[in-house]
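Here are a few friendly notes to read alongside the model. I have kept them to one helix and the aromatic rings.

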Amino acid sequence: MKITVASDIHGSDFYCKKLLEAFDREKSEKLLLLGDILYHGPRNDLPKDYDPKSVIERLNAVRDRILCVRGNCDTEVDQMVLKFPILADYCIIYIAERMIFATHGHNFNEDNLPPLGNGDVLLHGHTHVPKCTAHDRYIYINPGSVSIPKENSPHGYMTITDGLLEWKTLDGEIYMTHDLRED
């Protein structure tokens with residue numbers, strides 16, 4: 001199974017469109033969104049082409065293929081307009097014989113771990129910085145941000161294909177990889 005993972009769209013119609021083009025190009029079965037879908041938040045500048053209503057339309061059109069967790073900028077009002085569940089604090093996926101604990105990152109993160117076993121994966125967005133760090137007991141992974149990347153990282157997403165992780169720009173250029181099957 002192939003999953004496209006993205007975080008922090010923050011209401012940008014421009015970058016949401018580019019993400020969905022990448023999702024189609026990747027031919028992934030699912031799109032896992034790690035929160036902060038519609039609102040840009042008080043700490044961020046408005047992203048390019050900020051238009052939450054257009055983002056709603058675009059995402060609702062592929063709602064049957066979306067998995068999503070709630071970000072710190074997502075609310076019950078957002079759930080009223082999005083036609084797929086967005087208010088779960090986390091979801092658990094099993095890939096390459098590993099548990100992947102997917103969350104936004106504002107509650108569970110490297111400083112406040114969820115229940116993880118040896119070799120499990122903590123996957124979250126929130127920081128807007130792509131990352132892959134192997135710790136003694138777990139691996140921390142972040143896809144970066146679709147619309148407001150930080151620390152000179154690209155606007156991007158990642159894919160998970162049978163345990164192979166690939167971080168990509170929105171144009172599909174691979175800039176980092178990690179194979180969970182080799183850890």
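1. What should the 14 residues of helix H1 (residues 13-26) span at 1.5 Å a residue? The expected span is 20 Å, and the end C-alpha atoms are 20 Å apart, which agrees. The rule is 1.5 Å times one less than the number of residues; helices are DSSP runs of H or I of at least four residues, strands E runs of at least two, numbered from the N terminus.

2. This is a predicted model, with local features needing pLDDT of at least 70 and side-chain atom pairs 80 or more, while totals for chains, interfaces and linings use all residues. Residues are numbered from 1 along each chain, and side-chain values use heavy atoms, without hydrogens and water.

3. Buried residues of H1 include Tyr15, Leu19 and Phe23. Buried means under 20% relative accessible area, exposed over 50%, and partly exposed in between (1.4 Å probe, protein chains only). Among the elements covering them are strand S1 (2-6) and helix H2 (52-60), with contact meaning heavy atoms within 4.5 Å.

4. The whole structure holds three aromatic pairs (Phe, Tyr or Trp six-membered ring centres within 6.5 Å; planes under 30 degrees apart are stacked, over 60 edge-to-face, the rest tilted). Phe14 and Tyr15 are edge-to-face, because their planes stand at 90°, with centres 4.8 Å apart.

5. The rings of Tyr90 and Phe101 are stacked, since their planes are at 15°, with centres 4.7 Å apart. Tyr90 is in strand S4 (residues 90-95) and Phe101 in strand S5 (residues 98-103), so the pair ties together parts 11 residues apart in sequence.
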